[in-house]
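Me: Please give me a close look at a single part of this structure. Start from one residue and work outward, and keep the sentences short.

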Amino acid sequence: MAIRNIIKLGDPRLRQKSEEVAITELQSKEIKNLIRDMNDSMNAAGGVGLAAPQIGVLKRVAIIGSKELQETGENQRYLNQPAVKYRVLINPIIEPLTDKTQGFFEGCLSIPGMRGFVERPNRIKLTYYDTNEDQKQEIIDGFEAIVVQHECDHLDGVLYVDRLKDWRLFGYDQEMSALIASSET
Ligand code: NI
């Protein structure tokens, strides 16, 4: 178990483009250790997703969902949302399948205590490698699609605050709790 420091907004590493993982490295000890540390760090922080650059590793690796919360079906960070199925995403590619967007008050472990309203396509095709060497493809919609897009943005040095259209819908989560709750019903 290794909980790594999650770097925060302002750290230049969050703004860099991460490198692809070579297929021959998918099952390497380095990648296994990275994923283990990402799981430990995300669970300790109570997140629903984490990208490698958030622990300072500029590789195209992200995790979504939580192995531990999978059994309880609870989503502790976003209470009104369903639990997200655990996946390791290596070299993920997203293709939006619709022009229809879905708005959500997103948060980020690298921008603690804050939330902001962002709109994204609500149905995507996701292509990725997991730790096996085969490529996977899934159609994902709703809240899971938001989480996937948020994490994949990190791999290109993009943060959700870059996608805010209305800065009045950005602020501290406690101060905005009533607004956030009303947006999710
Ligand atoms: Ni984030």
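**A helix and its surroundings**

Reply: A145 is in helix α3. Keep in mind throughout that this is a predicted model. A145 has a relative accessibility of 0%, so it counts as buried. Leaving out residues up to four places away in sequence, A145 touches P121, N122, I124 and I140. Now compare a residue much farther along the chain. D99 is 46 residues from A145 in sequence, and their C-alpha atoms are separated by 13 Å.

Now the helix as a whole. α3 has 13 residues. From first C-alpha to last it reaches 19 Å, close to the 18 Å expected at 1.5 Å a residue. Little of α3 is uncovered: 12 of its 13 residues are buried. The buried stretch includes nonpolar residues such as F143, I146, V147 and V148. Charged or polar residues are in the list too, among them E144, Q149, E151 and D153. C152 is buried as well.

What covers this helix? α3 packs on the sheet and touches β1, β2, β3, β6 and β7. The direction of α3 makes about 125° with that of β7.

Next, the metal. H150 and H154 each bind the nickel ion through NE2, and C108 binds it through SG. The distances run from 2.1 to 2.3 Å. In sequence the donors follow the pattern C-x41-H-x3-H. C108 lies in strand β4 (residues 101-108) and H154 in α3 (residues 142-154), so this pair ties together parts that are 46 residues apart in sequence. Both residues are shielded. C108 counts as buried because its relative accessibility is 3%, under the 20% cut-off. H154 is buried too, with a relative accessible area of 1%. H150 is also among the buried residues of α3.

Now the sheet under the helix. It is open, with 5 strands in the order β1-β2-β3-β6-β7 and antiparallel pairing. β1 (49-51) and β7 (135-141) are the edge strands, and each pairs on one side only. From one strand to the next the twist averages 40°.

Go through the pairs. β6 (residues 123-129) runs antiparallel to β7, and 7 bridges join them. Y128 has K136 as its bridge partner in β7. β3 and β6 are also antiparallel, with 5 bridges. There, I94 stands opposite L126 in β6. β2 and β3 are joined by 4 bridges and again run antiparallel. In that pair, I63 stands opposite V88 in β3.

One backbone angle in the sheet deserves a look. N91 is in strand β3. Its phi is near 50°, a positive value in a residue other than glycine. Most residues other than glycine have a negative phi. N91 is also buried, with a relative accessible area of 9%.

A second helix meets the sheet as well. α1 lies across β1, β2 and β3 and runs at about 40° to β2. α1 has 17 residues and should span 24 Å at 1.5 Å a residue; its end C-alpha atoms are 24 Å apart, which agrees. Several of its residues are buried, including I31, L34, I35, M38 and M42. The buried list also holds D37, N39, D40 and S41. G46 follows α1, and its phi is positive, near 75°.

How is the nonpolar interior organised? The largest nonpolar core has 19 residues. Those with the most contacts inside it are L34, I35, M38, L50, V61, I63 and I90. Three elements give two or more residues to this core: α1 (29-45), β2 (61-64) and β3 (87-96). α1 gives the most, with 5 residues. Take I35 as a sample. Leaving aside neighbours within four places in sequence, I35 is in contact with V61, I63, Y86, V88, I90 and T131.

A second, separate core has 16 residues, including I64, Y128, F143 and A145. That brings the account back to the starting residue. A145 belongs to this second core, and F143, another of its members, is a buried residue of α3.

Key: Residues are numbered from 1 along each chain as its sequence is written. This is a predicted model: local features need pLDDT of at least 70, side-chain atom pairs count only at pLDDT 80 or more; totals for chains, interfaces and linings use all residues. Side-chain values use heavy atoms; hydrogens and water are left out. Donors are N, O and S atoms within 2.8 Å of the metal (3.2 Å for Na, K and Ca); water is not among the atoms, so sites may look incomplete. Buried means under 20% relative accessible area, exposed over 50%, partly exposed in between (1.4 Å probe, protein chains only). The expected span of a helix is 1.5 Å times one less than its number of residues. A nonpolar core is a set of buried Ala, Val, Leu, Ile, Met, Phe, Trp, Tyr and Cys residues joined through side-chain atoms within 4.5 Å. Contact means heavy atoms within 4.5 Å. Two strands pair if DSSP finds at least two bridges between them. Axes are lines fitted to C-alpha atoms, for helices over the stretch in contact, and angles run from 0 to 180 degrees between N-to-C directions.
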